[in-house]
Each structure stands twice: as structure tokens, then as C-alpha cells.
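Q: I am new to this structure and would like a close look at one part of it. Could you walk me through a strand and its partners, and then the surroundings?

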Amino acid sequence: MSEPIIRYYGPKAYADHPPFSYPDYRSTVKRSPTHDLIRIVQTLSETTGPGPAWTEISEEDTDLTTNTGTGSPAIGERIIVTGRVLDENGRGVPGTVLEIWQPNASGRYSHWRETEFPAPLDPNFVGVGQCLTDAEGGYRFTTIKPGPYPWGNHPNAWRPCHIHFSILGPSFGMRLVTQMYFPGDPLIPLDPIFNSAPPHARSRMIATYDHEVTEANWALGYRWDIVLRGELATPMDEGGD
Amino acid sequence: MSELLGQTPSQTVGPYYTLRLFREGENILVPPGHPGRIVVQGIVLDGDRRPIEDALLEIWQANSVGRYRHPDDVRDLALDDGFTGFGRAITDFETGVYRFETIKPGLVPDAEGAFQAPHISLIVQGRGMLNPVFTRIYFSDEDEANRDDLILRGLPAIRRGTLIAELVENGVYRFDVLFQGDDETVFFDF
């Protein structure tokens with residue numbers, strides 16, 4: 001019987017991530033662990049994951065401006081969001097599933113739970129997309145720039161414009177759900193969810209405007225790379241004089 | 001050693017993640033009548049023991065002979081047609097109850113060359129959670145294997161039980177996820 005391949009992954013860098021409890025974001029207070037996490041040695045159960053098995057992705061889901069199937073385009077500022085999924089060693093993560101969701105140009109989610117915000121729905125925009133990263137870890141979506149929207153965390157609270165990103169990655173431990181923000185958004189410094197990340201790591205969540213990505217007479221371009229945990233260097237890699 | 005790139009910070013899935021991260025049937029890994037089918041269900045509770053009505057649970061497991069559907073699991077064990085080992089469930093908006101229909105996984109190796117007790121890996125996320133939590137579901141009718149399991153043995157005895165799904169009726173296990181308090185579910189870092 002062949003031995004399984006065990007790739008050990010570097011730790012989740014908790015110092016680069018938000019704390020579990022961040023009282024400025026009120027709902028975290030009762031939904032966070034209070035015991036310390038228990039450190040375990042990685043086994044095949046941790047080093048494998050569902051990402052690689054998930055290969056049925058339809059190409060049309062990379063264009064959120066047309067993927068409702070109504071035949072009419074969504075309303076709003078058309079944008080391109082592209083970048084790479086990398087591990088922390090700087091290697092592209094190929095063939096991994098990216099799933100995104102967002103509100104429409106008015107800041108309205110096409111979701112039954114959104115009942116408070118009187119912004120219009122767009123019948124031609126659902127706000128969901130997915131893709132597999134290419135051989136270099138690259139991804140590219142065409143969508144509508146999401147609008148800001150109010151939420152109930154504190155008086156006159158507004159979320160900055162953002163797109164939710166979910167990445168399964170090659171191992172279960174690399175699972176990441178995060179949010180991509182837009183440069184220059186005045187709501188960013190006021191947002192407790194954005195600010196929950198430690199100050200040195202916050203800018204990693206903000207896309208860069210990239211005129212090279214912008215397509216003439218079509219759409220503005222933003223670039224955003226996502227960095228996941230990576231394989232630990234082997235003892236041989238660490239060596240050298 | 002070269003400088004590592006900084007990890008992108010985790011953020012909450014928020015209240016609207018079901019737009020993308022859950023679709024009907026993703027909690028059902030095997031069809032009704034499948035040999036060895038089990039149900040794993042339970043409730044997710046916050047620090048005040050109120051149901052968390054918008055949690056997302058993701059499971060990852062080996063098949064009945066202990067093989068993961070993953071390129072690193074090159075062991076000479078059969079894969080099952082159509083069984084990915086991955087599932088997603090959401091908690092009921094009123095009750096906080098979730099449900100998976102799956103199979104009990106077989107044995108997979110531990111870090112010392114022995115076998116682990118049968119277990120399912122679980123990630124829980126939700127509105128109000130800035131990071132996912134990682135835990136494991138073990139089974140109450142695997143006493144002997146549980147006693148020998150390297151990871152269970154490494155836990156304080158008083159907390160071990162939080163990872164054991166209780167067989168409540170034929171083929172139905174109950175596994176609750178609790179945040180905070182003395183009976184908080186064990187969450188892992190690895």
C-alpha cells in the first residue's frame with residue numbers, strides 16, 4: 001500500500017488576522033471561543049481538503065453582469081477584478097475554487113434577509129460568481145461595483161463597498177473567507193469589520209486600481225492578490241550556508 | 001529563509017453568504033438508502049446558549065474505507081463514485097439546527113503511523129465570526145478507537161466529550177457546537 005503524501009502547512013498567522021472577539025463588531029462577542037485553541041499535529045485529515053476535487057465550474061460565472069441569464073446586462077459601474085491566489089511562499093495556487101458574492105450597485109443584496117434598506121433590486125444582477133484559478137493561481141471576474149449599505153451594528157453604520165471572497169484551497173486548513181475593499185472608500189476607516197484586522201495587515205484587503213487592467217470603452221480594472229497559508233519549507237530548503 | 005508574504009486577513013461571511021456558499025442538497029453526501037448512511041445533526045449555540053441561526057458548517061471526510069478524495073491521498077484504497085467527502089449545511093433560521101446525511105468515515109493514519117478513530121473535520125463560520133473555527137466530529141459508538149486516538153488523548157479529559165457525537169437513534173448522531181462556557185466545543189489550531 002502506498003504511503004499518503006503529507007504536506008505540512010505553516011501555521012495560520014493569527015497575528016495577521018482579526019481576533020475572534022472584536023467588541024466594535026458587536027455580534028462577535030458571543031460568537032467567539034473563550035478557551036485557547038488546541039494545537040494539533042497535522043494529519044491527512046488536515047492537509048487534504050475538498051478544493052482539488054471541485055472542478056465543475058461554468059465559465060459564465062466569471063461575469064456577474066450577465067450570469068443571471070435574463071439576457072439583459074446588470075446596471076451599475078462595470079468593473080474587472082483580477083489577481084492571483086498565492087501561498088505565503090509566493091507560489092500561485094492553481095485550480096482552486098473562488099466563490100464571490102456582493103450587493104448590487106445600489107448596495108442591495110439579492111437576499112431574503114435584506115428587508116430594511118429601501119434600495120432597488122436589479123433583476124439582471126444576483127451578485128454571485130465563481131471560478132477556478134488558472135495554472136498560475138490567477139483569477140478574473142467582471143462585475144458591477146458594489147454599493148455601500150447600512151447595517152445595524154451601531155447608529156448610522158454603513159459597510160464600505162466590498163466583495164466577499166471564499167477560497168477552499170488545496171487543504172482544509174487553508175480555508176479562507178475574506179472581503180475585498182476598494183481604494184479611497186471614505187467608509188473604510190469607519191468600518192469595524194475592516195478594522196478588526198490588525199493595522200499592519202488591513203491594506204492587504206484593499207484592491208489597487210490598475211489602468212493596465214482597465215479596458216477602453218468597457219470597464220475599470222482592479223487588481224487584488226490573496227495570500228493563503230503555504231507549505232512549510234522542507235529541512236533541505238531551510239538549509240544552505 | 002526567505003521572507004514570507006503576509007496572509008490576507010480573514011473576514012466574516014456576514015449574513016448573506018447563502019447567496020453563494022450554500023445550495024439545496026449540499027448537506028446530503030449520500031442518497032437515502034445508501035449502505036452505511038448516517039445522519040449527523042445538532043445545534044450551534046452562542047455564549048448565551050442562544051441558537052446561532054445563520055451559521056455555515058462545512059465538513060470534510062474520508063470515505064468508508066478511509067480514503068480522501070485528494071491528490072495527496074495516493075493510498076491503494078478504493079474511491080466511491082460520487083462521494084466527494086465535502087458537504088455544507090446551514091443552521092435553521094429559527095432553531096439553529098443543522099443536519100448532514102453522510103457515511104461514517106473509515107480509518108485514516110495518525111502522525112505516529114497508527115490509525116485515528118473515525119472522525120469528520122468540521123469548519124464553522126457565520127455572521128459575527130471573524131475567523132472560521134476548526135473542530136472534529138467523533139462517534140460515541142467507537143469507544144475503543146476513541147480511547148486510542150492520538151488527538152483525543154491529547155485533550156484535557158473534561159473537554160474530550162465535546163467532540164463526540166452521540167448516537168441518539170439508529171444511524172443518527174447528535175453533535176452540538178457550543179461557543180464559550182465550560183462546555184465549549186474544542187477548537188483546533190494546526
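A: Happily! A definition helps to begin with: two strands pair if DSSP finds at least two bridges between them. Please keep in mind that this is a predicted model.

With that in hand, take strand E3 (residues 97–101) of chain A, which is joined by 4 bridges to strand E8 (residues 162–167) of chain A, the two running antiparallel. One place to see this is A:Ile100, whose bridge partner in E8(A) is A:Phe165. The pair belongs to an open sheet of 4 strands in chain A, with the order E4-E3-E8-E9 and antiparallel pairing. Strand E4 (128–132) and strand E9 (176–181) of chain A stand at the edges with a single partner strand each, so each has one side without a neighbour in the sheet. From one strand to the next, the twist averages 20°.

Now for the strand at the centre of this answer, E2 of chain A. Of the 10 residues of strand E2 (residues 78–87) of chain A, 7 are buried, so the strand is largely enclosed by the rest of the structure. As background, strands of a sheet pair through backbone hydrogen bonds, either parallel or antiparallel. E2(A) pairs in the antiparallel sense with strand E5 (residues 138–144) of chain A, over 7 bridges. With strand E11 (residues 220–223) of chain A, E2(A) pairs in the parallel sense over 4 bridges.

A:Thr82 is a good residue to look at here: its bridge partner in E5(A) is A:Arg140, and in E11(A) A:Thr82 stands opposite A:Arg223. E2(A) also pairs with strand E12 (residues 226–228) of chain A, in the parallel sense and over 3 bridges. There, A:Asp87 has A:Leu228 of E12(A) as its bridge partner.

Let us finish where the two chains meet. The contact takes 70 residues from chain A and 63 residues from chain B. On the side of chain B that touches chain A, the elements giving two or more residues are helix H1 (18–21), strand E5 (120–126) and strand E10 (188–189) of chain B. E5(B) provides the largest share of that side, 4 residues. By class, that side of chain B has 31 nonpolar, 20 polar and 12 charged residues.

Strand pairing crosses between the chains as well: strand E1 (residues 38–39) of chain A and E10(B) run parallel and are joined by 2 bridges. Look for A:Ile38, which stands opposite B:Phe188 in E10(B).

Conventions:
Residues numbered from 1 in each chain as written. Chains lettered and ligands numbered in written order. Predicted model: local features only at pLDDT ≥ 70, side-chain atom pairs only at ≥ 80, totals over all residues. Buried ≥ 20, exposed ≤ 12 C-beta atoms within 10 Å, placed from the backbone. Contact = placed C-beta atoms within 7 Å. Nonpolar A, V, L, I, M, F, W, Y, C, P; charged D, E, K, R; others polar. Axes fitted to C-alpha atoms, helices over the stretch in contact; angles between N-to-C directions.
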